[in-house]
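Me: I'm new to this structure and would love a close look at one part of it: the enclosed spaces inside, and what surrounds them. Could you walk me through that in one go?

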Amino acid sequence: THDYLLIIYTSFPSGCAIIRPPRDGGIRYRGLTQEQIRSVQVLPVDYEIEYICRGNRVIVGPKVRKCLPDGTWTDLNQRSKCCNGQPFMLRHPGSSKKKLYIGALFPMSGGWPGGQACLPAAQMALDLVNKRTDILPDYELELIYYDSMCDPGEATKLLYDLLYTEPIKIVLMPGCSSVSTLVAEAARMWNLIVLSYGSSSPALSNRQRFPTFFRTHPSATLHNPTRVQLFQKWKWTKIATIQQTTEVFTSTLDDLEQRVKEAGIEISVRQSFLTDPAVAVKNLKRQDARIIVGLFYETEARKVFCEVYKEKLYGKKYVWFLIGWYADNWFKIKDPSINCTVEQMTEAVEGHVTTEIVMLNPETVRGASNLTSQEFLAQLMSKLGGKNPEETGGFQEAPLAYDAVWALALALNKTVGPLKAKGRRLEDFNYNNKDITAEIYRALNTSSFEGVSGHVVFDAQGSRMAWTLIEQLQGGSYKKIGYYDMTKGNLSWYGNDRWIGSGPPADQTVVIQKFRYLSQKLFVSVSVFAGLGILMGIVCLTFNIYNSNVRYIQNSQPYLNNMTAVGCMMALAAVFPLGIDGLHVRNSQFPVVCQFRLWLLGLGFSLAYGSMFTKIWWVHTVFTKKDEKKDKRKQHLEPWKLYATVGVLLVIDILSLMIWQIVDPLHITVEKFTKEAPKGDVDQLIEPLLQHCSSEKMNTWLGVVYGYKGLLLLLGIFLAYETKSVSTEKINDHRAVGMAIYNVSVLCMITAPVTMILSSKQDASFAFASLAIIFSVYITLVVLFVPKMRRLITRGEWQSDQQETMKTGSSTNNNDEEKSRQLERENKELQKIIQEKEERVSELRNQLSERQALRYPLPASDNHSLPPTFSNSSTLYQPDGKINRNNCHPGRLQLLYK
């Protein structure tokens, strides 16, 4: 121990001369033995001594003294001595009351400079309490206070000074949540009651952590039921938050998150910052926050709204919810930490809503202090010396500080009787006395009186219960727009809320879903062409059926051509359901339209293309065989084999479509596009939607169908190319069929992938698909049927070929037959000419005979005397009526045609 003193003296070369104990008392020298006390002359700096009295004597004067760096002890102007009987406190001249000291921390600067108005209000309350004879008549309350600057670090140092500097404080009164948290958590170690006038942190409502804490300022969570009520009133379901990273705001926000979740409201964006809010505000803008709850101190509020102005996060699209305990002109105060003008700040904060605990009784009633709220304000203004309330920090909380002193005075007054019954007195309080602390706690916990801030009562957590005032900044000044009583869930609304726009803004950009429909002009135009194509198909089909007995038509396999015409008409009919969308039918009917599209197009393709493919396939099969099998080409064509081939292709399509629709039927799917901003200054976005016919495995089914059809198309092109030089009398239009296959295959193989790529562009997709169908059909009908019509019309073969067909029963007609018929016609003409000449020869012969008889009358037996010319005439004319060209002598022909 002696070595310990040497260390002290070595460490502290300067100190204070030791003080000897008073008469009938003693001093407790901490850490020193009796032997050391007798030998020590100087005690080190910051060393503390404690006075002790014997028996029933009590210390009058400072009980604890501390060595100061200047070599003196604290409170040397006050003498410490032991006295008998009732103790007495040091009084003001002429005062017989004992003093009870209150240790207070008032933030005169910092994040919340509430002490600027709260300190004068507390002093006003102390003056009135000390003048009252019915409240603590034997005591006088005195306030010992420091400026905490709303800084926990500074408050730690000041709390040490309050606790270790005489006199003993019976109660601590901190302000500012961060400071109150520190003080309240440490106070239980000294058995001190803590009564705060300006702490709103929800974290302080924790009796396990802060067992001796009370506050006249309600918890910040009292704002949250009001905020939720307003969100529901204005039909907002999505909000955003931005907070300063301090415990009071973090715990408040946690409580808000829980409450909005229960109300079905979503916090879509949650931002926080420590000192610079620039990034947080930018994130709010980027994520399209509209309804924003801001939790931060006044100095940070100016920083936030300077950034809000820069990011244009204000105006008719936005609503800010702020804390209501800022000074009324907080946004007009010049702040060197921001680079925005007052005008810019005023523009940015216009229209924001504040929720504030009712801190001034709206009713004209006289409470415990015998003052109305308006009288209190008048006296406070007088005490402030004419300062502008808007520029005075804590002016709104001043009634809470005033009522905090009255709550303490009334509680202490209530403890006098119970303590006296136990043989204790308030002045007996020290930091080790738990009994007096317990009595003060019970008295505060049961407090209930009318104050200038309203009815003062504490809940089980020591927090004040109060109404909430709702205000809105209108034209640069705050206007009351309502009150909310959380205990009853009652919202009193004035109806004077004012908005920059036509009303409360939406909680998010209003997204209007708008379906994209096919252009009706395009649909009508294409439908006209499709209708004309169907009429053309009907004409071709009628023509083919009517002339089915004509040999030339029969040689083109008219039944297959009929199937082609029907398939073309079905494909054209598919154009109409392709253009029908939600504009024409209800959603429940749309799957039926999808089925029509699929079946009409599928079966139409199978009939039209299948019949042409069958023709070209048969031609290729027969006319590309080896030479030793060429004799089979002369075999009669059996039509049923062609019809069976078309039937097989048709059955394959029907089965595949049936399986598709049974396993995975078509239904409506809606494609969503990027949101678009409409013209004009409207807070809306348009989200285009497009209806599609689809199924769960659409790509798989399309792959199967396209693969199968694609192979048929490629094979058709190959067969058409292979048979381009073949000539057959059994299918006389196979070259036209090959031409049609070329065109259809090319259009189909181009259209299928392009329409898949353009599926999101309804007009382009429909135009491309429908026009491909129309062109394919038109080309097919024109190539197959128009040449037949032209031939029959221009050559007049309607009846002659028909009669000839009925006589001969022949069904063949090709180039060789044409030559044969031509020769037959020439033979008939020659026979007619020969008959005419024979008749002329017979007539001339008769005339010659008559003339000879008249010129040379001879007996009938004298036949040998005739001229040789006439005697040989029998050789010129042959009675059998037939003249052979080989028997015609040139001389005789000259006579014949003379």
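Reply: Happy to. The largest cavity in this model, which is a predicted one, has a volume of about 120 Å³. Its lining is made of 19 residues, and those closest to the centre of the cavity are G315, Y318, E350, G351 and I500. Two elements, strand 16 (319-323) and helix 10 (342-349), each give at least two residues to this lining. Sorted by class, the residues around the largest cavity are 10 nonpolar, 6 polar and 3 charged.

That space has company: the count of cavities of 30 Å³ or more comes to 5. The second largest cavity has a volume of about 80 Å³. To find it in the view, look for its lining residues: W112, C176, S177, G198, S199, S200, H217, V248, Y297, W325 and E397. Here the classes divide into 5 nonpolar, 5 polar and 1 charged.

Now let's follow strand 16, which you have already met in the lining of the largest cavity. Strand 16 is also among the elements that cover the buried residues of helix 8, and the others include strand 13 (238-244), strand 14 (266-273), strand 15 (291-295) and helix 9 (298-311). The residues being covered are A278, A280, V281, N283 and L284, which are buried in helix 8 (residues 278-286). Just after helix 8 comes D288, with a positive phi of about 55°.

The loop that joins helix 9 to strand 16 holds K312. K312 has a positive phi too, about 60°, although it is not a glycine. Is K312 buried or exposed, or something in between? K312 counts as partly exposed, because its relative accessibility is 44%, and the partly exposed range runs between 20% and 50%.

A similar backbone feature turns up at N370, which is not a glycine either and has a positive phi of about 65°. N370 sits in the loop between strand 17 (353-357) and helix 11 (373-383). For a backbone feature of another kind, go to the loop between helix 4 (152-164) and strand 10 (169-174), where you will find P167. The peptide bond leading from E166 to P167 is cis, and its omega is near 5°.

One more stop shows what the surroundings of a single buried residue look like. T564 belongs to helix 16 (residues 558-573). T564 counts as buried because its relative accessible area is 1%, and the cut-off for buried is under 20%. Leaving aside residues up to four places away in sequence, T564 touches L607, A608, S611, M612, T780 and L784. With S611 there is also a polar contact of 2.4 Å between the two side chains. Y609 offers another way to see how the chain returns to this spot: T564 and Y609 are 45 residues apart in sequence, yet their C-alpha atoms are 6.9 Å apart in space.

Finally, step back to the whole chain. Of its 898 residues, 47% are buried, and its secondary structure comes to 26 helices and 25 strands. If you take the contacts between residues at least 6 apart in sequence, 71% of them join residues at least 24 apart. The accessible surface of the chain comes to about 44900 Å², and carbon and sulfur atoms account for 56% of that.

Notes:
Residues are numbered from 1 along each chain as its sequence is written. This is a predicted model: local features need pLDDT of at least 70, side-chain atom pairs count only at pLDDT 80 or more; totals for chains, interfaces and linings use all residues. Side-chain values use heavy atoms; hydrogens and water are left out. On a 1 Å grid over the protein atoms alone, a cavity is a set of points where a 1.4 Å probe fits but cannot get out, and a pocket is an open set with protein on both sides within 12 Å along at least five of seven lines; lining residues have an atom within 4 Å of a point. Grid points are joined across faces, edges and corners, and a volume is the space filled by probe spheres set on the points. Helices (H or I, at least four residues) and strands (E, at least two) are DSSP runs, numbered from the N terminus. Ala, Val, Leu, Ile, Met, Phe, Trp, Tyr, Cys and Pro count as nonpolar, Asp, Glu, Lys and Arg as charged, and the others, Gly among them, as polar. Buried means under 20% relative accessible area, exposed over 50%, partly exposed in between (1.4 Å probe, protein chains only). Contact means heavy atoms within 4.5 Å. Accessible areas come from the Shrake-Rupley method with a 1.4 Å probe; for residues, only the protein chains shown count as cover. A polar contact is a pair of N or O atoms within 3.5 Å; within protein, one must be able to donate a hydrogen and the other to accept it, and residues adjacent in sequence count only if both atoms are side-chain atoms.
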